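Student: Could you take me through one part of this model at close range? I would like the cut-offs spelled out along the way.

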Amino acid sequence: MKKCDILKDFEDFMESLSDDEFFDVFEKEFGAVYEEIPQLEGEYNVDDTLISKEGEIQISRPMYTIEVLKSNDMGCQKMHFNRSAKTFTESVVDERKKLSNKFNEGEYSIHMSDNTDPKAA
Amino acid sequence: MHRMAGNEIINGFHGTNFDNVDSIINNGFVMNTSSKDWLGIGIYFFVDGLGDVPQEHAAEWAKAVAWDKIKKRHTYERYAVIRASIDCSDNEIVLDMTTKEDTDFFNEIRKKYLRQETNRNRIRKSNPKPTDKEKRKQWRPTNLDITLLKILRRRYGYKICIANMFIKISSEERRNGSNTTQSFPNCTICAVYDMSKILEKESCKEGDIKKNEL
């Protein structure tokens, strides 16, 4: 099967699954092991919460990814930032400026996930 | 890269316990059943690409994995390397992640999956009306790439995957290596998911494991 045909078929296949079926199929047929991604608390508005909420954040991992997901009727957009715990506060302040420039409206959810990969053991 | 045009049969090197050689030569390899391995369930070989010659990688690997960390002793004292010729002639069943074309293809698969998954997670959040706790849930496979490889195998018939990886190959690396993220690969491996793609096999190296190696 040609790669372009696979890409099309894969998309069609996923579209054909109901919301209920989606996670079940990937879990049972393809061995996906789902886990809840640790997330920072709450929903954020770019203009007023990225800084004010940061005091609530508990970080125990040395490295992690901050994933900012913007949802609106145009779909979703993501930005990823790799940060160490020490620079987290400064990073959020900096990223707030970047976000303000990139997205000027919409609601943001911020997710934190561990970057450390123990698989190489 | 190493699988040049016209080079459709590649040599792979598999390190193992010397006692397994006869069985492998006569009866074939036993498929590794750990889906947590680098490229999913398959038979693994070191192949030409990054780092030392693959035969040496396989020998180092065979010696390193002989060590039982819990029992503090070698589980075997003699190792062997088996050379196998692997049929990569059909490009439609080989995912060669050392090439730009296949890497781009896999990344496109991953993007499509993540886009769908994100939308499903959003739907999960909004219907039925979520509690505060549910609102913050986002689910993602911890083994995303392995899952996508399995889809390529089961749904689209891929039988071989070649990739540059970081692997703690030697005893020294396994003893001293930390769990910190290793960003860059140090070897090239090939996972074969279908035994019929292994054409010939022979023992090409063997040796004793010195007791002071670990």
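Student: In which strand of chain B does B:R83 lie?

Tutor: Happy to help! This is a predicted model, where local features need pLDDT of at least 70, side-chain atom pairs count only at pLDDT 80 or more, and totals for chains, interfaces and linings use all residues. Residues are numbered from 1 along each chain as its sequence is written, chains are lettered from A and ligands numbered from 1 in the order in which they are written, and side-chain values use heavy atoms, leaving out hydrogens and water.

B:R83 lies in strand β5 of chain B (strands are DSSP runs of E, at least two residues, numbered from the N terminus). B:R83 is buried, at 16% relative accessible area (buried means under 20%, with a 1.4 Å probe and protein chains only). Its side chain makes a polar contact of 2.6 Å with that of B:N11 (a pair of N or O atoms within 3.5 Å, one able to donate a hydrogen and the other to accept it; residues adjacent in sequence count only if both atoms are side-chain atoms). Beyond four places in sequence, B:R83 is in contact with residues including B:G12, B:F13, B:E200 and B:C204 (contact means heavy atoms within 4.5 Å).

Now for the sheet around β5. In chain B, seven strands form an open sheet with mixed pairing, in the order β6-β8-β9-β2-β1-β5-β10 (two strands pair if DSSP finds at least two bridges between them). The edge strands, β6 (94-96) and β10 (198-208) of chain B, each pair on one side only. Elsewhere in the sheet, β2 (residues 43-47) and β9 (residues 187-192) of chain B pair in the antiparallel sense over four bridges, and B:Y44 stands opposite B:A191 in β9(B).

Technical notes: Buried < 20%, exposed > 50% of the residue type's maximum accessible area, 1.4 Å probe, protein only.
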